[in-house]
Amino acid sequence: MKPGVLLSARQAGKAFMQNGKPRWACRDVNFDLYPGEVLAVVGESGSGKTSLLRLLAARLACDEGSVHYEVRSEQANETDGLTDLAQMSEAQLRRLARTDWGFVEQHARDGLRMNVSGGANVGERLMALGARNYGHLRQEALSWMQRVELDTARIDDLPGTYSGGMQQRLQIARNLVTQPRLVFMDEPTTGLDVSVQARLLDMLRELVDELQLAAVVVTHDLAVARLLAQRMLVMKDGCVVEQGLTDRVLDDPQHAYTQLLVSSVLTP
């Protein structure tokens with residue numbers, strides 16, 4: 001693996017048992033992700049995109065191969081080098097998920113606590129790092145609500161009173177408040193009106209650039225991939241059939257399946 005890699009997959013795969021036999025949701029996945037880089041994973045429904053995302057985020061364990069992450073040391077601005085996620089304890093993985101990583105769910109309600117206020121949703125991740133001062137927590141929540149273009153007057157309202165687009169922006173604020181280095185996103189614009197999607201994508205691109213976030217974005221929408229990602233993986237039946245720079249893959253697809261995707265013959 002090359003120096004400076006943040007996340008690395010090597011022959012990574014996940015299988016589920018079906019009728020007594022393993023069915024590979026994804027297999028033989030190989031790539032390196034660098035700090036500040038956005039990777040899109042595209043393909044039709046059932047291609048293995050979400051299974052791969054959950055594998056990379058340690059929500060599923062590899063059945064073959066490995067996923068490594070550059071773990072940050074307790075010392076500021078230092079790292080412990082690339083570590084195999086399979087060798088990390090549950091406590092270490094939970095800490096990563098609360099600090100260095102973010103995970104934006106496809107359905108915002110799955111990534112929010114619906115029984116506490118919008119402000120509490122944002123502040124909760126800071127509390128996991130030891131923050132206890134109420135004034136500081138509230139100020140951070142207000143600041144992040146502003147950054148994701150939410151009305152700060154709604155800080156004490158429950159997420160269930162927010163629109164779908166507002167809930168997704170709140171989920172993004174909840175994930176980014178701890179200044180993670182890597183964010184996983186599962187179809188972040190699905191189910192939103194076109195105008196809401198456009199504004200959310202603009203906001204995401206601005207935040208990724210501003211914070212120099214690395215991200216893995218699963219999407220069936222090639223326009224989303226082009227807007228957000230520098231590189232792309234194309235998946236079919238659990239396998240990566242093509243990968244490369246996003247513009248190159250979309251403008252000059254080499255694999256027949258990618259050509260079908262680009263020509264919109266296949267539907268998500």
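Visitor: Which residue in strand 7 does glycine 102 stand opposite?
Guide: This model is predicted. Strand 6 covers residues 101-104, and 4 bridges join it to strand 7. The two strands run parallel. Opposite glycine 102 stands valine 183.

Visitor: Which residue of strand 8 is the bridge partner of phenylalanine 184?
Guide: Strand 8 spans residues 214-219. It runs parallel to strand 7, with 5 bridges joining the two. Within strand 8, the partner of phenylalanine 184 is valine 216.

Visitor: Which helix joins strand 7 and strand 8 in a β-α-β unit, and what is the hand of that unit?
Guide: The unit consists of strand 7, a helix and strand 8. The helix covers residues 194-211. It is helix 6, and the unit is right-handed.

Visitor: How many residues of strand 7 are buried?
Guide: Take one side: Leu182, Phe184 and Asp186 are buried there. On the other side, Val183 and Met185 are buried. Both faces are covered. Strand 7 is therefore largely enclosed by the rest of the structure, with a buried count of 5 of the 5.

Visitor: Is histidine 68 buried or exposed?
Guide: Histidine 68 lies in strand 4, residues 64-72. Its relative accessibility is 15%. Buried means under 20%. So histidine 68 counts as buried.

Visitor: With which side chain does the side chain of histidine 68 make a polar contact?
Guide: Histidine 68 belongs to strand 4. Its side chain makes a polar contact at 3.5 Å. The partner is the side chain of serine 66.

Conventions. Residues numbered from 1 in each chain as written. Predicted model: local features only at pLDDT ≥ 70, side-chain atom pairs only at ≥ 80, totals over all residues. Heavy atoms only, no water. Buried < 20%, exposed > 50% of the residue type's maximum accessible area, 1.4 Å probe, protein only. Helix = DSSP H or I, 4+ residues; strand = E, 2+ residues; numbered from the N terminus. Pairing = 2+ DSSP bridges. Right-handed = clockwise from strand over helix to strand, strands pointing away. Polar contact = N/O pair within 3.5 Å; in protein donor to acceptor, adjacent residues only side chain to side chain.
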